[in-house]
Amino acid sequence: MRSWKNFVYYAFSYLSKEGVLYAYRAGDEEPAWTVDLNTIVRGRAQPLTRMIFQVIDDRIYLEANEHIFCFSAESGMPLW
């Protein structure tokens, strides 16, 4: 779990088969956006899990298995 400005980010990936990052605005009950890594990287025998992420400046740097991603912390749009 991490926070940045008025967002809180979390993922249930370590003990599950889910590779989804959730972003909530403070006080909201529904996520502002989500990113499912297994819709980005396809064709794996095992789903991407064990996500490790850090918010630096306006970007989320996320590692899952052998993959590294960068997303906008505000919108969740992939940057690279």
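**Figure 1. Arg-25 and Glu-74 pair up in a salt bridge.** In this predicted model, the closest N and O atoms of the two side chains sit 3.6 Å apart. Arg-25 belongs to strand 3 and Glu-74 to the segment after strand 7, so the pair ties together parts that are 49 residues apart in sequence. Arg-25 is partly exposed, at 32% relative accessible area, and Glu-74 is partly exposed too, at 40%. Back in its sheet, Arg-25 has Phe-7 standing opposite.

**Figure 2. Lys-5 meets Asp-58, loop to loop.** This is another of the three salt bridges in the structure, with the closest N and O atoms 3.9 Å apart. Lys-5 comes from the loop between strand 1 and strand 2, while Asp-58 comes from the loop between strand 5 and strand 6, 53 residues apart. How exposed is each partner? Lys-5 counts as exposed at 66% relative accessibility, whereas Asp-58 is partly exposed at 44%.

**Figure 3. Glu-66 and Arg-44 form a salt bridge.** Here the closest N and O atoms are 2.7 Å apart. Glu-66 lies in the loop between strand 6 and strand 7, and Arg-44 in the loop between helix 1 (37–40) and strand 5, so the contact ties together parts 22 residues apart in sequence. Glu-66 is exposed, with 57% relative accessibility; Arg-44 is partly exposed, with 27%.

**Figure 4. Strands 1-2-3-4, in that order, make an open antiparallel sheet.** Strand 1 (2–4) and strand 4 (33–36) are at the edges with a single partner strand each, so one side of each has no neighbour in the sheet. Neighbouring strands here are turned by 20 degrees against each other on average, direction ignored. Look between strand 2 (residues 7–11) and strand 3 (residues 20–25) for five bridges.

**Figure 5. A three-stranded open sheet runs in the order 5-6-7, with antiparallel pairing.** Strand 5 (52–56) and strand 7 (67–72) take the edges, each with a single partner strand, so each has one side left without a neighbour in the sheet. Five bridges connect strand 5 with strand 6 (residues 59–64), and the bridge partner of Ile-56 in strand 6 is Arg-59.

**Figure 6. Inside the largest nonpolar core, which has 19 residues.** Tyr-9, Leu-21, Trp-33, Leu-37, Ile-60 and Leu-62 have the most contacts inside this core. Strands 2, 3, 4, 5, 6 and 7 each give two or more residues, and strand 6 gives the most, with three. Leaving aside neighbours within four places in sequence, Tyr-9 touches a whole list of residues, among them Met-1, Trp-4, Leu-21, Trp-33, Phe-53, Val-55 and Ile-60.

Notes: Residues numbered from 1 in each chain as written. Predicted model: local features only at pLDDT ≥ 70, side-chain atom pairs only at ≥ 80, totals over all residues. Heavy atoms only, no water. Pairing = 2+ DSSP bridges. Helix = DSSP H or I, 4+ residues; strand = E, 2+ residues; numbered from the N terminus. Axes fitted to C-alpha atoms, helices over the stretch in contact; angles between N-to-C directions. Core = buried A, V, L, I, M, F, W, Y, C linked by side-chain atoms within 4.5 Å. Buried < 20%, exposed > 50% of the residue type's maximum accessible area, 1.4 Å probe, protein only. Contact = heavy atoms within 4.5 Å. Salt bridge = Lys/Arg side-chain N within 4 Å of Asp/Glu carboxyl O.
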